[in-house]
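Student: I would like to learn how to read a fold feature by feature. Can we go through one together?
Tutor: Yes. Have the structure open and ask as we go.

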Amino acid sequence: MRVLMVCLGNICRSPMADGWLRHKVKLLDLSIEVDSAGTANYHVGKEPDHRMRRISLEYGVSIDELRARQFSVADFDNYDVIFAMDKSNEQDILRLARNENDKQKVKLFLNELYPDQDLEVPDPYYGTDANFKEVIELLDQATNAFLINNQLIQN
Ligand code: 4NP
């Protein structure tokens, strides 16, 4: 399975979702390919936000090697599932979809953890360290839910 995590800037939420899933895929030796992208191009080529990099290390996950890139139409061909962190990201991705098959790949990530609730991962960019921690813990739980839902780990 190939999974793409998408947010706005690809420097806070989606690299962390990507980092958690990569971390677990490696620990469990799963065959899942993971990447992340942003709908916007503001931060292309940059490393993740310094607060996310610092705090993620407290959770034992390094995202230092990731670099921001922009989502592109080719990602519909290269990934099986495209997880949007919020509804605005979801709409921006859906606007680029070429057909129904592309559209069906796009899902709100938190629906893995809270099915059918259409909840959003809050953007911590203008927040505090506490907001970054909340997002990291939410993404830890959501990546676990994704693995459980796909029967890749036991609940
Ligand atoms: P992300 O957070 O979408 O989680 O990477 C943001 C990062 C940067 C900006 C907005 C959100 N920005 O406006 O530069």
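Student: How many bridges join β1 to β2, and do they run parallel or antiparallel?
Tutor: Start with the general idea. Strands of a sheet pair through backbone hydrogen bonds, either parallel or antiparallel. Now the case here, in what is a predicted model. β1 and β2 run parallel, joined by 6 bridges. For one facing position, look at Cys7, which stands opposite Gly38 in β2.

Student: In what order do the strands of the sheet come?
Tutor: The order is β2-β1-β3-β4, in an open sheet of 4 strands with parallel pairing. β2 (33-38) and β4 are the edge strands. Each has a single partner, so one side of each has no neighbour in the sheet. From one strand to the next, the twist averages 25°.

Student: Which strands does α1 lie across?
Tutor: α1 lies across β1 and β2. Its direction is at about 175° to β2.

Student: Next, the core. Which residues of the largest nonpolar core touch the most other members?
Tutor: Met85, Phe109 and Leu139 do, out of 33 residues in that core. Two or more residues each come from β1 (2-7), α1 (13-28), α2 (50-58), β3 (81-84) and α6 (129-149). α6 gives the most, with 8 residues. There is also a second, separate core of 12 residues, including Ile82 and Ile93.

Student: What does Met85 touch, leaving out residues up to four places away in sequence?
Tutor: Among its contacts are Met5, Val6, Cys7, Ala17, Phe109 and Leu139. Polar or charged names appear too, including Arg13, Ser14 and Glu120.

Student: Now the rings. How many aromatic pairs does the count come to?
Tutor: First the idea. A pair of aromatic rings is described by the distance of the centres and the angle of the planes. In this model the count comes to 5 aromatic pairs. Take Trp20 and Tyr59. Their ring centres are 6.3 Å apart and their planes stand at 80°, so this pair is edge-to-face. Trp20 sits in helix α1, and Tyr59 in the loop between α2 and α3 (74-78). The pair therefore ties together parts 39 residues apart in sequence.

Student: Is each of these two residues buried or partly exposed?
Tutor: Trp20 is buried, at 5% relative accessible area. Tyr59 is partly exposed, at 25%.

Student: What is the geometry of the Phe83 and Phe109 pair?
Tutor: The centres are 4.8 Å apart and the planes at 50°, so the pair is tilted. Phe83 belongs to strand β3, and Phe109 to the loop between β4 (106-108) and α6. That pair links parts 26 residues apart in sequence. Phe83 is buried at 1% relative accessible area. Phe109 is buried as well, at 0%. Together with Phe146, Phe83 and Phe109 form one aromatic cluster.

Student: Last feature. How many disulfides does the count give?
Tutor: A disulfide is a covalent bond between the sulfur atoms of two cysteines. Here the count comes to 0 disulfides.

Student: Why is there no bond between Cys7 and Cys12?
Tutor: Distance decides. The rule needs the sulfur atoms within 2.5 Å. The sulfur of Cys7 is 7.0 Å from the closest cysteine sulfur, in Cys12, so the gap is too far for a bond. Cys7 is buried, with 2% relative accessibility. Cys12 is buried too, with a relative accessible area of 4%.

Methods
Residues numbered from 1 in each chain as written. Predicted model: local features only at pLDDT ≥ 70, side-chain atom pairs only at ≥ 80, totals over all residues. Heavy atoms only, no water. Core = buried A, V, L, I, M, F, W, Y, C linked by side-chain atoms within 4.5 Å. Buried < 20%, exposed > 50% of the residue type's maximum accessible area, 1.4 Å probe, protein only. Contact = heavy atoms within 4.5 Å. Phe/Tyr/Trp six-rings, centres within 6.5 Å; stacked < 30°, edge-to-face > 60°. Pairing = 2+ DSSP bridges. Axes fitted to C-alpha atoms, helices over the stretch in contact; angles between N-to-C directions.
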